Amino acid sequence: MKYYNTSRIDKKNATYNVIIGERSNGKTYAVLKKGLTEYFKNKSQMAYVRRWKEDIIGRRASQLFSGLIENLEVSKLSNNEFSGIHYYAGKWYLCNYDDNGKAIYSDSDIIAYSFALSDSEHDKSTSFPNIRTIIFDEFLTNRTYLNDEF
């Protein structure tokens, strides 16, 4: 199976990129890896956007970076400074783990924030000056769209 790679679309140097493709071919993995790479280059953060809040809380959110962690991408990109990514209260943090598997992280190591379109009224007046990459994942739906979503 061929997995998605952002190299061709990156050459376009566009302000916005829309990636549509087959299911489970690594689109999300590729853009998360790109965002993580940018974080280690210049400390720019990501915004991870989904339509519904329930798509980015709890287990779903905590597993978002699991493929990158399992493939040791976090360790490689951080030159072994970090080994994992921990989700807590709408933020993803670079972390390491203690002997009991508990995440050790700092507020200075936030790599991404979660946002839900269904919750957009709550985030209107908040500033996120270090976000340079916005990932709107699963933007097509076979269900209903939100009022005024477009």
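**Figure 1. Y113 and F128, an aromatic pair in a predicted model.** At 14% relative accessibility, Y113 counts as buried, because the cut-off for buried is under 20% relative accessible area. Its partner F128 has 26% relative accessibility, so F128 counts as partly exposed. Everything shown here and in the following views comes from a predicted model. The ring centres of Y113 and F128 lie 4.9 Å apart, and their planes meet at 65°, so this pair is edge-to-face. Follow the chain from one ring to the other and you will find Y113 in strand β4 (residues 103-116) and F128 in the loop between β4 and β5 (131-136). The two residues are 15 apart in sequence, and the pair links distant parts of the chain.

**Figure 2. The whole chain, for orientation.** Before more close-ups, here is a quick tour of the fold. The protein chain has 5 helices and 5 strands. Reading along the sequence, you meet them in the pattern α-α-β-α-α-α-β-β-β-β. Of the 150 residues in the protein chain, 36% are buried.

**Figure 3. F65 and W92, rings that meet edge-to-face.** The structure holds 7 aromatic pairs, and this view shows the one formed by F65 and W92. The two ring centres are 5.9 Å apart, with 65° between the planes, and the pair is edge-to-face. F65 sits in the loop between α3 (58-62) and α4 (66-70), while W92 belongs to strand β3 (residues 91-97), so the pair ties together parts that are 27 residues apart in sequence. Are these two residues buried or exposed? Both F65 and W92 are buried. Step back a little and the neighbours come into view: F65 and W92 form one aromatic cluster together with Y48 and Y87.

**Figure 4. K34 and D10, a salt bridge between two helices.** There are 4 salt bridges in the structure, and here you can see the one in which the side chains of K34 and D10 meet. The distance from N to O is 2.6 Å. K34 is found in helix α2 (residues 27-42) and D10 in helix α1 (residues 7-10), so this contact ties together parts that are 24 residues apart in sequence. K34 is partly exposed, with a relative accessible area of 33%. D10 is partly exposed as well, at 30%.

**Figure 5. K33 and E73, a salt bridge from helix α2 to helix α5.** Move to K33, whose side chain meets that of E73 in a salt bridge, 3.5 Å from N to O. K33 lies in helix α2 and E73 in helix α5 (residues 73-77), which places the two ends of this link 40 residues apart. Which end is buried, and which is partly exposed? E73 counts as buried at 11% relative accessibility, whereas K33 is partly exposed with a relative accessible area of 30%. While you are looking at E73, find S83 too: their C-alpha atoms are 8.6 Å apart in space, and the residues are 10 apart in sequence.

**Figure 6. K41 and E38, a salt bridge inside one helix.** This view stays within helix α2, where K41 and E38 are 3 residues apart, a separation of about one helical turn. The closest N and O atoms of their salt bridge are 3.6 Å apart. K41 is exposed, with a relative accessible area of 62%. E38, on the other hand, is partly exposed at 23%.

**Figure 7. A positive patch on the surface.** Which residues form the positive surface patch shown here? They are K2, R8, K11 and K12. To find your way around, start from R8, which is placed in helix α1. R8 is exposed, with a relative accessible area of 70%.

**Figure 8. G58 and Y88, far apart in sequence.** The last close-up begins at G58, a residue of helix α3. G58 is partly exposed, with a relative accessible area of 42%. How many residues separate G58 from Y88 in sequence? G58 and Y88 are 30 residues apart in sequence, and in space their C-alpha atoms are separated by 8.5 Å.

Terms used
Residues are numbered from 1 along each chain as its sequence is written. This is a predicted model: local features need pLDDT of at least 70, side-chain atom pairs count only at pLDDT 80 or more; totals for chains, interfaces and linings use all residues. Side-chain values use heavy atoms; hydrogens and water are left out. Rings of Phe, Tyr and Trp (its six-membered ring) pair if their centres lie within 6.5 Å; planes under 30 degrees apart count as stacked, over 60 as edge-to-face and the rest as tilted. Helices (H or I, at least four residues) and strands (E, at least two) are DSSP runs, numbered from the N terminus. Buried means under 20% relative accessible area, exposed over 50%, partly exposed in between (1.4 Å probe, protein chains only). Patches are made of residues with over 30% relative accessible area and no salt bridge: like charges are joined within 9 Å, nonpolar side chains (Val, Leu, Ile, Met, Phe, Trp, Tyr) within 5 Å. Accessible areas come from the Shrake-Rupley method with a 1.4 Å probe; for residues, only the protein chains shown count as cover. Lys and Arg count as positive and Asp and Glu as negative; His and the chain ends are not counted. The place of a charge is taken as NZ of Lys, CZ of Arg, CG of Asp or CD of Glu.
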